[in-house]
Amino acid sequence: MLIGGIEAGGTKFVCAVGDEVGNIISKTTFPTSDPETTLAKVKHFFSHHDITALGVGSFGPVDLTKESPTYGFILNTPKTQWKHYNLLGQLQNDHAVPITLDTDVNAAALGEHKYGNAKDVKSVLYITVGTGIGAGFVQDGKTYIGKSHPEMGHIFVQKRENDSFAGNCPYHGACLEGIASGPALEKRYGKKADLLTDNPEVWELEADYLAQAIINYMLILSPEKIILGGGVMKQTQLYPLVRKKVIQLANGYVDTKNIENFIVAPQLNDEQGIKGAIALTIGSNI
Ligand code: ADP
Ligand code: ZN
């Protein structure tokens, strides 16, 4: 049985065909442009494959309220061409198979849960720290959506006194995404984040903000595992820094034993999103 998957990102789209045990048979990647051009490329890719279902992990915000008249639409994105775009409607028009839509981060969480570093647990939180910050949550093999979907990247953390950067979230200024995403680092320090490797103070502050967010997520969701992915986490020195700060913030109240196996990197080499998108068609949401 061949299943299609789409990782619909704000920067790039990944389309793949795979099976129900995590093998990818064919895959293509292209930059995200305007919706019409991008969806035409998607249609072209799948026209060569006889798929039985299609799973989509989309950037957001996306309307996931099934009863909503705009179910499956992209909502308030700064990417103006995509604002209020009927993503699901266009896909249904182009592909005559059942389509399961979820967030990109829920797909990534599911991918790691089924095939990666969270195979051994029932609940996992997957956080991406990239162009934006977002998180997806899987419990018992099902993704959590809620009313529409959580926006865990936009929570508020305590700004440190030595940080004068006002934040760059267009909605909240100094929310977590506004002070700790890749573009926030670039704006605060005037250099792309990957060129800041040798500045330890950058990563101390970044780890502080991520750890503050993580302790809040732990207190609210109590996940058995936290996976930290996304471009900024290519700075692997962040992992021990974040773990240390999480232990400090937990202060013995919540369990931080065995933290090396609790806060971890993804295992699927940037295929967690696309493998998870394919896997979305197998289970259903909470
Ligand atoms: P997206 O979030 O667009 O799907 P990524 O997860 O790759 O894509 O995140 C892109 C962001 O990550 C950019 O802001 C980029 O500057 C940052 N980034 C990419 N590689 C690195 C790196 N090695 N070190 C620090 N930041 C990085
Ligand atoms: Zn925000």
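Colleague: Where does Lys245 sit in this model?
Modeller: The model is a predicted one, and in it Lys245 belongs to helix α7, residues 238-250.

Colleague: Why is Lys245 called buried?
Modeller: Its relative accessible area is 16%, and buried means under 20%, so Lys245 makes the cut.

Colleague: Which residues does Lys245 touch, leaving out those up to four places away in sequence?
Modeller: Glu204, Ala207, Asp208 and Ala211.

Colleague: On to the ligand. What makes the Thr11 pair with ligand 1 a polar contact?
Modeller: A polar side-chain atom of Thr11 is 2.7 Å from an oxygen atom of ligand 1. The limit for N or O pairs is 3.5 Å, so this pair counts. Thr131 has a polar side-chain atom 2.6 Å from a ligand oxygen, and for Gln235 the partner is a nitrogen atom of ligand 1, at 2.8 Å. On its own the ligand has 570 Å² of accessible area, and the protein covers 67% of that.

Colleague: How does the shell around ligand 1 divide into nonpolar, polar and charged residues?
Modeller: Three are nonpolar, seven polar and two charged. Gly counts as polar, and the shell includes Gly130, Gly182, Gly230 and Gly231.

Colleague: Which residues touch the most other members of the largest nonpolar core?
Modeller: Ile127, Ile214, Leu228 and Ile263, out of 42 residues. Helix α6 gives the largest share, 12 residues.

Colleague: How do you know that Ile127 is in contact with Ile214 and Leu228?
Modeller: Contact means heavy atoms within 4.5 Å. Ile214 and Leu228 are both among the contacts of Ile127, as are Ile133 and Tyr217.

Terms used: Residues are numbered from 1 along each chain as its sequence is written. Chains are lettered from A and ligands numbered from 1 in the order in which they are written. This is a predicted model: local features need pLDDT of at least 70, side-chain atom pairs count only at pLDDT 80 or more; totals for chains, interfaces and linings use all residues. Side-chain values use heavy atoms; hydrogens and water are left out. Helices (H or I, at least four residues) and strands (E, at least two) are DSSP runs, numbered from the N terminus. Buried means under 20% relative accessible area, exposed over 50%, partly exposed in between (1.4 Å probe, protein chains only). A residue is near a molecule or strand if one of its heavy atoms lies within 4 Å of it. A polar contact is a pair of N or O atoms within 3.5 Å; within protein, one must be able to donate a hydrogen and the other to accept it, and residues adjacent in sequence count only if both atoms are side-chain atoms. Accessible areas come from the Shrake-Rupley method with a 1.4 Å probe; for residues, only the protein chains shown count as cover. A nonpolar core is a set of buried Ala, Val, Leu, Ile, Met, Phe, Trp, Tyr and Cys residues joined through side-chain atoms within 4.5 Å.
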